[in-house]
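User: Please go through this protein model with me. I would like short answers that show the reasoning.

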Amino acid sequence: MKLALLIEYDGTNFAGWQTQGDHPRGRSVQAEIEKAFRQLFGRTIQVHGAGRTDTGVHARGMVAHVELPEEIPAFLLLEDGSFNISKLLFGLNGTTPKDIVIRDIRQVADDFHARHSAIAREYRYTIKRERTAIDRNYVWAIRHDVDVAKMDQCAALLIGEHDFTSFSKRTADVKHFRCIVTHAHWESNGPKIVFTIRANRFVRGMVRALVGAMVQAGQGTITVEEFEGLLHSPQELRRAKYISPAHGLVLEGVEHPERFALWGIGGE
């Protein structure tokens with residue numbers, strides 16, 4: 001039996017979705033959820049995520065899948081012997097730490113894969129134009145004001161298919177850096193400025209590098225034309241020089257084809 005999980009987590013105290021060797025924070029979201037399954041089933045069940053969020057990045061709508069063994073613990077069965085997903089949801093949320101919540105679980109077809117079946121992902125980055133205590137783990141507080149209109153000009157340039165080499169970290173497992181962006185927009189909401197971007201895929205560090213460069217454009221450190229040059233001239237191997245902090249970034253959701261009858265972006 002294959003199940004899909006909708007997962008929310010606060011990335012503050014995690015080394016990311018996947019354990020990264022001897023990272024000083026040690027914890028990974030994937031490992032914590034696998035630990036919860038092991039406590040419920042008494043055996044190792046691998047959790048496959050739709051992507052990898054970096055250290056300190058949060059998620060409101062990560063999607064993952066698991067394949068359950070044939071033998072299901074009795075406490076997860078109904079009186080007629082059928083599997084009870086609600087009991088599994090309750091059991092996992094009673095076992096995972098407080099910074100992870102399994103929002104929903106659904107049975108899926110055998111050919112479903114959380115990562116390979118995904119057709120879109122959406123991230124949101126929040127900046128606050130003032131110092132903050134309560135929001136400090138979820139926004140990037142900047143001291144100097146920015147020109148949001150210039151930042152939005154940069155965002156508009158992202159729509160379409162581009163090579164994001166200049167806005168990514170080099171990793172051996174990435175075959176190419178081309179992504180198709182369908183939505184990219186900055187919006188002001190009082191002291192907060194929110195950047196939303198949706199694409200078919202993202203390469204490592206891409207959103208944080210884009211945000212860092214767009215903030216530089218908003219502060220006048222670089223021009224919109226220089227930002228465009230970074231985007232359109234990846235062959236020159238130039239890199240965005242400033243990477244925004246991880247804690248302002250949230251994976252809002254992952255979209256899969258309608259035939260799997262899963263959640264859309266935002267978990268709906």
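The questions below take up a helix, two pockets and three single residues of this predicted model.

User: Which residues of helix α2 are buried, and how are they arranged around the helix axis?

Analyst: Helix α2 covers residues 85-93, and Leu 88, Gly 91 and Leu 92 are buried there. Viewed down the axis, these buried residues fall within an arc of 95°, so they line one face of the helix. That fits the general rule that an α-helix has 3.6 residues a turn, so residues three or four places apart point the same way. The buried residues are therefore on one face, within an arc of 95°.

User: What do the buried residues of α2 pack against, and which residues are exposed on the other side?

Analyst: The buried residues of α2 pack against β1 (2-9), α1 (29-41) and β4 (100-108). On the other side of α2, the exposed residues are Ser 86 and Phe 90.

User: Which side chain reaches the backbone nitrogen of Ser 86 at the start of α2?

Analyst: The backbone nitrogen of Ser 86 has a side-chain oxygen within 2.9 Å. The contact is at the start of α2, and the residue that supplies the oxygen is Asn 84.

User: How much space lies in the largest pocket, and which residues are closest to its centre?

Analyst: The largest pocket holds about 1100 Å³ of space. Its lining is made up of 38 residues. By class, 15 of them are nonpolar, 14 polar and nine charged. Closest to the centre are Ala 50, Gly 51, Arg 52, Arg 115 and Phe 202.

User: Which element gives the most to the lining of the second largest pocket?

Analyst: The second largest pocket has about 360 Å³ of space, and 21 residues line it. At least two lining residues come from each of β1, β3 (58-67), β4, β5, β9 (192-199) and β10. The element that gives the most, with three residues, is β3.

User: How many residues in the lining of the second largest pocket are charged?

Analyst: Nearest the centre of this pocket lie His 58, Arg 60, Tyr 138, Val 250 and Glu 252. By class, the lining has eight nonpolar and four polar residues, and the number of charged ones is nine.

User: Is Lys 128 buried or exposed?

Analyst: Lys 128 lies in strand β5. Away from its neighbours within four places in sequence, Lys 128 is in contact with residues including Asp 135, Trp 140 and Pro 191. Its relative accessibility is 11%, and buried means under 20%. Lys 128 therefore counts as buried.

User: How far apart in space are Arg 198 and Tyr 123?

Analyst: Arg 198 is in strand β9 and counts as partly exposed, at 25% relative accessibility. Leaving aside neighbours within four places in sequence, its contacts include Ala 120, Arg 121, Glu 122 and Glu 255. Arg 198 and Tyr 123 are 75 residues apart in sequence, but their C-alpha to C-alpha distance is 6.5 Å.

User: What is notable about phi of Ala 261, and what is its value?

Analyst: Ala 261 lies in the segment after β10 and is exposed, with a relative accessible area of 53%. Most residues other than glycine have a negative phi. Ala 261 is a residue other than glycine with a positive phi, and the value is near 50°.

Key: Residues are numbered from 1 along each chain as its sequence is written. This is a predicted model: local features need pLDDT of at least 70, side-chain atom pairs count only at pLDDT 80 or more; totals for chains, interfaces and linings use all residues. Side-chain values use heavy atoms; hydrogens and water are left out. Buried means under 20% relative accessible area, exposed over 50%, partly exposed in between (1.4 Å probe, protein chains only). Helices (H or I, at least four residues) and strands (E, at least two) are DSSP runs, numbered from the N terminus. The arc is that of the directions from the helix axis to the C-beta atoms. Contact means heavy atoms within 4.5 Å. A polar contact is a pair of N or O atoms within 3.5 Å; within protein, one must be able to donate a hydrogen and the other to accept it, and residues adjacent in sequence count only if both atoms are side-chain atoms. On a 1 Å grid over the protein atoms alone, a cavity is a set of points where a 1.4 Å probe fits but cannot get out, and a pocket is an open set with protein on both sides within 12 Å along at least five of seven lines; lining residues have an atom within 4 Å of a point. Grid points are joined across faces, edges and corners, and a volume is the space filled by probe spheres set on the points. Ala, Val, Leu, Ile, Met, Phe, Trp, Tyr, Cys and Pro count as nonpolar, Asp, Glu, Lys and Arg as charged, and the others, Gly among them, as polar.
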